[in-house]
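The following note sets out numbered comments for a colleague who is examining the coordinates. Each point takes up one part of the assembly.

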Amino acid sequence: MSIPAASTVVAATLQREWLSQRLNRFFYWHVGLLVICGLSTLIAPPEAAARGAAWWILQVVLFAISMSSLLLGLSSSHAELDEMSLLQTHPVSNRSWTTGKALGLLLITFPTALLLVLPAALSQGPAWLLVGVAAAAGGVSGVFSLLGLALGAWIRDPVRGLISAVALWLGLLVGTDLLLLLTAGSEFVQSHPRVWVLPLMLNPLDAFRITVLFTVEHAAFTGLQAGGLTEWWLHHGGVWLTSCLAAWAILAWLIATAGTARRPDA
Amino acid sequence: MNRRTALLAAGLLATRALLPAGSAFDLRQRIETAAPGTIIQVPAGTYNGPFVLDKPVRLRGEPGAILRGDGRTHVVDVRAPGCEVSGFTVRRSGIDLGKDNAGIHIAAPDAFILSNRIEQCLHGIYVRKANNCVIRGNVIVGTTEFVDIPNPLTVHSKPGREDLCTVRVSQNQEGNGIHLWNSSGHIIERNRIEGTRDGMYFSFTDHTLVRGNVVEHVRYGLHYMYSDDNTFEDNRFSDNAAGSALMFSTGIVLRRNVFVANRSHRAYGILLQSDSDTTIVENQVEGNTLGIYMEYGNGNRLVGNRIVNNYVGLRLSESSTDNAILKNAFAGNLHPVELGGRSEDNRWSSGGRGNFWEDEVRVDLNRDGIADIPHHEPDLFGALRRVFPQIGLLSASPGERLVRFLHQRLDLPGIPSVTDPAPLTRPPP
Amino acid sequence: MIVAENVSKRFGTRSVLEHLDLQISPGAVTLLVGANGAGKTTFLRIAVGLARPDEGTVRIREVDVSRNFVEAAARFSFLPQAPRFNPRLTSRQILAFYARLRGRTLDAVEEAEDLWGVGDHRDVTSARLSGGLRQRLALAVFSLAPVSVLVLDEPGLSLDPEWRERLQQYLSQRAKEGATVLVATHLLGEWEGRVDRCVVLERGRVSAELSPDRLRAEFSREPHWASPSEDVPSR
């Protein structure tokens, strides 16, 4: 009789995740997308090239990488569903198992984000700016893969899982923006701007966009005079993005752990 | 021009002062004793000034010839018509802004300032009430430390009409590269200016041709007011803290210039304020905070410009009317058009040709290069920018893009926008 | 030793287990039989921690499964009905993973592969394994655990007679070595003479105990039980 140490479970699960991803078509789509998008920074139309790799990567992460990461996480979760009745009778805590899965996904999504900037770095020379953008892109990608993991742990039917993933992605991509656009004219919002700014700050895609646009790209912004929370955010874009992504990663991990612990008859 | 040609011919015939190599050379004395029209060939070496040209002499420096001022007044003071200063490194003028201290101060017409390098001076070249000067091939460096483009996140100044000169520079950068006041008829060609306060400053200066100059890392690349009928061709104004501003003038022609990467908090590619009958043709306006800003502008023509990758491509105030905006390419701007109010009085097409819009619906069944349906370019944030500046946080957001996409196809009611009745399906060549 | 005390479980308004008391002793192979819906699988799922009882407890070697699952899980090995695996992993990768969780070495993995005849398919992904091979792979995983409580849910369904025979021999041997072996099945005829005890579950309660040597005869007197030919999982 032996209870494996949590580190053993995490390491075994992490290795299993890597082995599993090697045959996951979503993984190859994801990597292929990163390579194509990275290369396209070199052959993009002049306008985009002049705007720089950072701008291009922002678009790519918003509209493509976030989605492919989400599907990567979802597929990772769903690949294990059939085996859960066997796995869950082993002396393994759900927390350790989910941690292993999550770390496996992060170790795949975070470093591969470098593929987005590698062609630009090779052609234009390495730049800390690109490294920062790649790190932020990797963070967003990681968070979305964990969200996919969490989603898959709760929604076990593949079709419903896919629909939910698309819905979640659309909600984060345009839902927050549209809601805020609609409410920006209300007197309440204008007298309580924090209420309006906070959802934007909490949305990982918006936090990433703002950081790249207003910190990395140095795009001017009339909201500088907005003061308060907005000004703090714009002054600390990188710090906030890091915190925001970390919070989302932890939240997704907690949700995934709770979903994994949920028994089929619960 | 005839007068200028005659002066050049006279110069060629003028006495050439040849000097024995290695002998001591007193430049001030040579200037004092030179006959009008003398060409003084100045060998390499440092010559302490200041130098006053009160007769039409031609100073031509050989490589390594340095004119060094006393730090109290101009290094070279041109007081006689038809003088030439060429090939020198000019250093150390005074720094009294009230006395307009300059590397080369010109107060007489028909001066030729050619191929000099001017550094450590308040103003580089100052032209005061002197017409028909040729300023060509000079390099003017205000300081070894370039004006850093302020990070928009650290600039706190309130924007507004009064902020046109609020981008601060250090004391030793208070002078301009080329300062022109109350004069006319100059040719300013192929100069390079960097690190000064303003690159070129025009005030009450008319009928001047400005061609092939490069101005970088200054406050205003071009600071221009009360000056009419000037032509700017093939110049490059880039990485300047506040961009270029042209104010209270008429009859300006801007052709094939590049206004690029002016990206501070309130930087303009081109600011046109209270200008009329300006022709802005085939310029590249790229990567600026505000590509082109037109306020109180009437009868101006914007034709064939590339307005790309700016935060705001073109801002039109409500006070700007009867302007023609044609055959321009709008691409990659976060906000292609920003409106201060209604904009019906401006023309967005002529002769069945409008502008190229990156996001337009390109339906062109007869393949004549003109889209079959009008293009509606919205200013989605509209008046909200003023009452709720936080709205800017939604710039380039997928949600904003989605609404823009829908408006361009459906012309949603209640959203301020401009309508181009004949959008081009390809950017103009 | 598996001890169930007063175990009840309901799904909505349907009661599946009602105050079930059951004790499975070590050193014997115990068969748990019953018709579809009798509560066999539900009881097993509660016994191995895959479900929680509404009432009562199941203890495995004195450890309450519901309260202290991880510690209890270290004391038993479970073979689920119709097991499936991550389709992207090979049988060797699957075995290596569980061996690591159970603190076993690669030698133990190879031993399990040899025991259940999956060594020739070690590099085949589980998605490409036949039903029988998948079942044997699950048995290999099952036998990797160094434990003395063995719980199996319909273990013979996908196995051909030869491997079913080998499984029965394996379980008998483990029981002789002192292990507690609990097998839930409705193919009770297959197990005649191979088990030490047979408990009948009916409507969530223990209704009878059959003679291990006369299972076919006993079976024929119980017309409401499922036919042995209906190899349909109860889930």
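**Comments on the predicted model**

1. The largest nonpolar core in this predicted model comprises 90 residues. Within that core, the residues with the most contacts are Val76(B), Ile104(B), Ile106(B), Ala111(B), Ile113(B) and Ile125(B). A second core, separate from it, has 83 residues, including Leu31(C), Val149(C), Trp163(C) and Leu215(C). In soluble globular proteins, nonpolar side chains tend to be buried together.

2. Ile104(B) merits individual inspection. Leaving aside residues up to four places away in sequence, Ile104(B) touches Val75(B), Val76(B), Val78(B), Val85(B), Val90(B), Ile113(B), Ile118(B) and Ile125(B). Two of the residues it touches, Val76(B) and Ile113(B), are also listed among those with the most contacts inside the largest core.

3. Chain B as a whole contains 4 helices and 40 strands. Of its 429 residues, 51% count as buried. When contacts between residues at least 6 apart in sequence are considered, 49% of those in chain B join residues at least 24 apart.

4. Strand 2 of chain B, residues 39-42, has alternating side chains. Ile40(B) and Val42(B) are buried and point to one face, whereas Ile39(B) and Gln41(B) point to the other and are not buried. This strand runs parallel to strand 5 of chain B (residues 58-61), to which it is joined by 4 bridges. Val42(B) has Gly61(B) as its bridge partner in strand 5.

5. The peptide bond from Gly49(B) to Pro50(B) is cis, with omega near 5°. Pro50(B) is placed in the loop between strand 3 (45-48) and strand 4 (51-53) of chain B.

6. In chain C, an open sheet is formed by 4 strands in the order 2-1-4-5, with antiparallel pairing. Strand 2 (14-24) and strand 5 (63-64) of chain C are its edge strands, each pairing on one side only. Between strand 1 (residues 2-11) and strand 2 of chain C there are 7 bridges in the antiparallel sense; Phe11(C) has Arg14(C) as its bridge partner in strand 2. Helix 1 of chain C (residues 40-47) lies across strand 1, strand 2 and strand 4 (55-60), and runs at about 120° to strand 1.

7. Which backbone angle deserves a check at His19(C) and at Arg203(C)? His19(C), in strand 2 of chain C, has a positive phi of about 50° although it is not a glycine. Arg203(C) also has a positive phi of about 50° without being a glycine, and lies in the loop between strand 9 (197-202) and strand 10 (205-210) of chain C. His19(C) counts as partly exposed because it has 13 C-beta neighbours inside 10 Å. Arg203(C), with 14 such neighbours inside 10 Å, likewise counts as partly exposed.

8. In helix 11 of chain A (residues 193-202), the buried residues include Pro193(A), Trp196(A), Val197(A), Leu200(A) and Met201(A). These residues lie on the same side of helix 11 because they cover an arc of only 130° around the axis.

9. The contact between chain A and chain C takes 26 residues from chain A and 29 residues from chain C. On the chain A side, helix 1 (6-21) and helix 5 (84-87) each supply at least two residues. Helix 1 of chain A gives the most to that side, with 6 residues. By character, the chain A side divides into 11 nonpolar, 9 polar and 6 charged residues.

Conventions: Residues are numbered from 1 along each chain as its sequence is written. Chains are lettered from A and ligands numbered from 1 in the order in which they are written. This is a predicted model: local features need pLDDT of at least 70, side-chain atom pairs count only at pLDDT 80 or more; totals for chains, interfaces and linings use all residues. A residue is buried if 20 or more other C-beta atoms lie within 10 Å of its own, exposed if 12 or fewer, and partly exposed in between; C-beta atoms are placed from the backbone. Two strands pair if DSSP finds at least two bridges between them. Two residues are in contact if their C-beta atoms, placed from the backbone, lie within 7 Å. Axes are lines fitted to C-alpha atoms, for helices over the stretch in contact, and angles run from 0 to 180 degrees between N-to-C directions. A nonpolar core is a set of buried Ala, Val, Leu, Ile, Met, Phe, Trp, Tyr and Cys residues joined through C-beta atoms within 7 Å. The arc is that of the directions from the helix axis to the C-beta atoms. Ala, Val, Leu, Ile, Met, Phe, Trp, Tyr, Cys and Pro count as nonpolar, Asp, Glu, Lys and Arg as charged, and the others, Gly among them, as polar.
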